[in-house]
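Colleague: I am new to this structure and would like a close look at a single part of it, followed by whatever helps me place that part in the rest of the model. Please take your time over the answer.

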Amino acid sequence: PVLFSVLARLSAGETQPGEVRELRLRLPVLIPGLLSIVVVAVLGRSLFGSLAGGAAAWWLALHPWHLRYCTEARAYGLVILFAALAMLCLVWALRENRWRAWLGLGASQFGLLYSFAGGLYFALGLNLVAFLVIVCRGREWRSAALGRLLATGVLSSMPYFLLMAPNFPQMAYALRDTPTLQGSVNVRLVTDILSYLATGMPAYDGDPTNVFNPALSKFWPSGLWVLIPALLALAAIALFAVPAFRARGEAMALAWANLLALVIALAASHASGGALYRWYIIYLLPFTALPIAAGWAQLWSARRLRPLAFVLPVLVLSLVQRPLRDYRATPKQDLRGIAAVARAGNAISSGFWTDAGFYDPLMVSIATDEDIRGLVSRARAEGRGLHVVFGHRGHALRDRPGCVELLESSGSFDLILKSPGLEAAQFTTYVYRWNGGDAENPPAGGG
């Protein structure tokens, strides 16, 4: 996320080690997130009329995924904005075939890629569908449009590759050797992606022990009276959008482009063995506003069906209010709070497989269990406490099993905090305190 990194540094200004200006770090995604609502409103209006434009803005503004990722200090608010801009520019380009629309498409694609390299799949989907639409047009229109599509593609990709070329070897190394960036494609992944896009939460619960982790499965069976009517309401609204989409070629082009982007992302992940985290396809989120907006506008325009235009959105909101509540109350990882616990009482703070050190520049990084034993000796000599922080327990067990075993099984450490995160159990963070036991010496036979 190079663009976010640049904007965040400019926004945060000069800081001292351990000083985190959270509001300033969030502004580079918060402002684009707000602008994306405006862009989606214009896109909905351009395709389906003023009513649909307002409904599209309403849907995106209340979508739990949008609320969450446009307030987190990560690049995804920029991704949402540039994806929406790219779709809007493509609609204008296919209608008018004017340079300004094509250049706008190219600039949006550059912004998307410079914000998130995974946006390549979205750009490929848009360009492939644009090419097919152009080929099906008249000869004179086709000749001019193909040249402009090619020119804007070159103009957007050249500066991106020039700017990013120094990072490609590092990216390839990380994708090959980082366990958290490796994964597989399966039915559960696809189901979760579709569920996130529709409701802002996964279908399956990645951490059943965390009551604040939203998932459709948490509504089963006690919440069926909310889940089933809400899903039927969503399906009904989308069904009413079908005639509106079929009547507008640009809308169908966007539908195929987004579907193709998802297929390409899944195929690339399967072929490479790389992890496709659910939020990596957040560039598809702006499109979800369009069928909701078009379907609602159809309901509102039909007088006999207008009561459904009131009832169905209420049913949908009864479901999405759960992730809205949980995302507002629970951060992905409470690293600031964890760092405060780790350094409480003038204790030596240390950690592995955690980013809590972002808030504590004095946190000691642990590479092996010998490092922990050395810190125990230091704490004993200085008469201080010792706290050890770690997260991503599954990866930590594979990468540093001796560290995890020493903390959990030696009897020399007590668990003082288990801080659940969001989405999966790997984002739960643990804080252990040395209780004064003899942890300096490994057990006989190794350790």
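Modeller: In this predicted model, Ser-349 stands opposite His-387 in strand S3, and this pairing is a good place to begin with strand S1, which covers residues 348-352. Two residues further along, Gly-351 stands opposite Val-389, again in S3. Altogether five bridges join S1 to S3, residues 386-390, and the two strands run parallel. Towards its other partner, S1 is joined by two bridges to strand S2, residues 364-365, and this pair also runs parallel; here Ser-350 stands opposite Val-364.

These pairings belong to an open sheet of five strands, in the order S2-S1-S3-S5-S4, whose pairing is mixed. The edge strands are S2 and strand S4 (413-419), each of which pairs on one side only. As a general point, strands of a sheet pair through backbone hydrogen bonds, either parallel or antiparallel.

How much of S1 is buried? Five of its five residues are buried, so that the strand is mostly covered, with under 20% relative accessible area as the cut-off for each residue. The cover is found on both faces, since Ile-348, Ser-350 and Phe-352 on one side are buried, and Ser-349 and Gly-351 on the other are buried as well.

Just before the strand comes Ala-347, in the loop between helix H15 (335-342) and S1. Ala-347 counts as buried because its relative accessibility is 8%, under the 20% limit. Leaving out residues up to four places away in sequence, Ala-347 touches Ala-342, Arg-384, Gly-385, Leu-386 and His-387, and among these His-387 is the residue that stands opposite Ser-349 in S3. For a sense of distance across the model, Ala-347 and Asn-186 are 161 residues apart in sequence and 44 Å apart in space, C-alpha to C-alpha.

Just after the strand comes Trp-353, in the loop between S1 and S2. Its phi is near 50°, a positive value in a residue other than glycine. A similar point concerns His-392, which has a positive phi of about 50° although it is not a glycine. His-392 is found in the loop between S3 and helix H17 (393-399), and with a relative accessible area of 14% it is buried. Such values deserve a look, because most residues other than glycine have a negative phi.

To place this part in the rest of the model, it helps to turn to the nonpolar cores. The largest of them has 119 residues, of which Phe-122, Leu-254, Ile-281 and Tyr-283 touch the most other members. Its largest share, 16 residues, comes from helix H5 (residues 76-96). A second, separate core of 20 residues includes Ile-366, Leu-375, Val-388 and Cys-403. In general, nonpolar side chains tend to be buried together in soluble globular proteins. Within the largest core, Leu-254 can serve as an example: not counting residues up to four places away in sequence, it touches Leu-43, Leu-47, Met-87, Leu-90, Val-91, Leu-126, Phe-287 and Leu-290.

Helix H5 can also be approached from Ser-108, whose place is in helix H6 (residues 99-115). Leaving aside neighbours within four places in sequence, Ser-108 is in contact with Phe-82, Leu-85, Ala-86 and Cys-89. At 6% relative accessibility, Ser-108 counts as buried, and its side chain reaches the backbone oxygen of Gly-104 at 2.8 Å.

There remains the question of empty space. The structure holds one cavity of 30 Å³ or more, and the largest cavity has a volume of about 30 Å³. Trp-58, Trp-59, Leu-62, His-63, Pro-64, Val-316, Leu-317 and Val-320 line this cavity, and the elements that give two or more residues to its lining are helix H3 (50-62) and helix H14 (306-329). The second largest pocket has a volume of about 570 Å³. It is lined by 21 residues, of which Leu-194, Ala-238, Phe-287, Thr-288 and Pro-291 lie nearest its centre. Helix H10 (187-199), helix H11 (224-246), helix H12 (249-272) and helix H13 (285-301) each supply at least two residues of that lining, and the largest share, seven residues, comes from H11. Phe-287, one of the residues nearest the centre of this pocket, is also among the residues that Leu-254 touches.

Definitions and conventions
Residues are numbered from 1 along each chain as its sequence is written. This is a predicted model: local features need pLDDT of at least 70, side-chain atom pairs count only at pLDDT 80 or more; totals for chains, interfaces and linings use all residues. Side-chain values use heavy atoms; hydrogens and water are left out. Helices (H or I, at least four residues) and strands (E, at least two) are DSSP runs, numbered from the N terminus. Buried means under 20% relative accessible area, exposed over 50%, partly exposed in between (1.4 Å probe, protein chains only). A polar contact is a pair of N or O atoms within 3.5 Å; within protein, one must be able to donate a hydrogen and the other to accept it, and residues adjacent in sequence count only if both atoms are side-chain atoms. Contact means heavy atoms within 4.5 Å. A nonpolar core is a set of buried Ala, Val, Leu, Ile, Met, Phe, Trp, Tyr and Cys residues joined through side-chain atoms within 4.5 Å. Two strands pair if DSSP finds at least two bridges between them. On a 1 Å grid over the protein atoms alone, a cavity is a set of points where a 1.4 Å probe fits but cannot get out, and a pocket is an open set with protein on both sides within 12 Å along at least five of seven lines; lining residues have an atom within 4 Å of a point. Grid points are joined across faces, edges and corners, and a volume is the space filled by probe spheres set on the points.
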